[in-house]
Amino acid sequence: MPVLNPPPPRKFIFYIDEMALSQPSAKKLKGELDRLFETTFRDGDEGLIVSPAQEEKLKLPFSGDRDVVRDALMKAIDREHWRATAPYFLEQRQLGIEMEGAGSGQGRRYAARRWA
């Protein structure tokens, strides 16, 4: 039986944007990350964590240590919490204000297209 070559190592880049997570969302995200590291992140793979919205953009340089990458991601999730001032919620609020003021169907469609 021929010896198969192992698959080549991969590079994972984890992009952490400014989050506003509720407790259930954070718990679900952590579960999905656990599953990713159990089923997808293989020996030889490396992970890098960046967070462009923060002053220190590089949170973790490429590391092949699965536990180090996983723990850094879990800590990033733990630092986040739900807040109404997150950019996503501010944009949603502004869209709601514009939709209320749009009045007609055509005005609402215009506002929705502008925000899409």
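# Close-up views of a predicted model

**View 1. Strand S1 shows two faces.** In strand S1, residues 11-15, Phe-12 and Phe-14 make up the covered face, while Lys-11, Ile-13 and Tyr-15 make up the uncovered one. If you like to see a general rule beside an example, side chains in a regular strand alternate between the two faces of the sheet. Please keep in mind, here and in every view below, that this is a predicted model.

**View 2. S1 pairs with S2 in the parallel sense.** Strand S2 covers residues 46-50, and five bridges link S2 to S1 in a parallel pairing. Two places are handy for finding your way along this pair. Phe-12 stands opposite Gly-47 in S2, and Tyr-15 has Val-50 of S2 as its bridge partner. To get from S1 to S2, the chain passes through helix H1, residues 23-39, and this β-α-β crossover is right-handed.

**View 3. S2 also pairs with S3, in the antiparallel sense.** S2 and S3 run antiparallel and are joined by three bridges. Within this pair, Ile-49 stands opposite Leu-60 in S3, and Val-50 stands opposite Leu-58 in S3. Val-50 is worth picking out here, since the previous view named it as the partner of Tyr-15. As general background, strands of a sheet pair through backbone hydrogen bonds, either parallel or antiparallel.

**View 4. Three strands make one open sheet.** The strand order is S1-S2-S3, and the pairing is mixed. S1 and strand S3 (58-63) each have a single partner strand and stand at the edges, so one side of each is left without a neighbour in the sheet. On average, neighbouring strands of this sheet are turned by 15° against each other, direction ignored. How enclosed is S2 by the rest of the structure? Four of its five residues are buried, so S2 is largely enclosed.

**View 5. Helix H2 packs on the sheet.** H2, residues 66-79, touches S1, S2 and S3. The direction of H2 makes about 160° with that of S3. Arg-79 belongs to this helix, and at 54% relative accessibility Arg-79 counts as exposed. The C-alpha atom of Arg-79 is separated by 9.4 Å from that of Met-19, although the two residues are 60 residues apart along the chain.

**View 6. Ile-16 sits in the loop between S1 and H1.** Is Ile-16 buried or exposed? With a relative accessible area of 12%, Ile-16 is buried, the cut-off for that label being under 20%. Neighbours within four places in sequence aside, Ile-16 is in contact with Ile-49, Val-50, Ser-51, Pro-52, Leu-73 and Ala-76. Ile-49 and Val-50 can be recognised from View 3, where they stand opposite Leu-60 and Leu-58 in S3. Ile-77 lies 61 residues from Ile-16 in sequence, with a C-alpha to C-alpha distance of 9.2 Å.

**View 7. A cavity is lined in part by residues from the views above.** How many cavities of 30 Å³ or more are there? The count comes to one. About 50 Å³ of space lies in the largest cavity. Its lining consists of Ile-16, Met-19, Ser-51, Gln-54, Lys-59, Ala-76, Arg-79 and Glu-80. Several of these names will be familiar by now. Ser-51 and Ala-76, for instance, are among the contacts of Ile-16, and Arg-79 and Met-19 are the two residues with C-alpha atoms 9.4 Å apart.

**View 8. Ala-102 lies in helix H3.** H3 covers residues 87-102, and Ala-102 is found in it. Ala-102 is partly exposed, with a relative accessible area of 22%. Once neighbours within four places in sequence are set aside, Ala-102 is in contact with Gly-107 and Arg-108. Ala-112, 10 residues away from Ala-102 in sequence, is 9.9 Å away in space, C-alpha to C-alpha.

**View 9. The whole chain gives the close-ups their setting.** Four helices and three strands occur in the chain, following the pattern β-α-β-β-α-α-α along the sequence. Of the 116 residues, 24% are buried. Among contacts between residues at least 6 apart in sequence, 60% join residues at least 24 apart.

Note on methods:
Residues are numbered from 1 along each chain as its sequence is written. This is a predicted model: local features need pLDDT of at least 70, side-chain atom pairs count only at pLDDT 80 or more; totals for chains, interfaces and linings use all residues. Side-chain values use heavy atoms; hydrogens and water are left out. Buried means under 20% relative accessible area, exposed over 50%, partly exposed in between (1.4 Å probe, protein chains only). Two strands pair if DSSP finds at least two bridges between them. A crossover is right-handed if, with the strands pointing away from the viewer, the path from the first strand over the helix to the second runs clockwise. Axes are lines fitted to C-alpha atoms, for helices over the stretch in contact, and angles run from 0 to 180 degrees between N-to-C directions. Contact means heavy atoms within 4.5 Å. On a 1 Å grid over the protein atoms alone, a cavity is a set of points where a 1.4 Å probe fits but cannot get out, and a pocket is an open set with protein on both sides within 12 Å along at least five of seven lines; lining residues have an atom within 4 Å of a point. Grid points are joined across faces, edges and corners, and a volume is the space filled by probe spheres set on the points.
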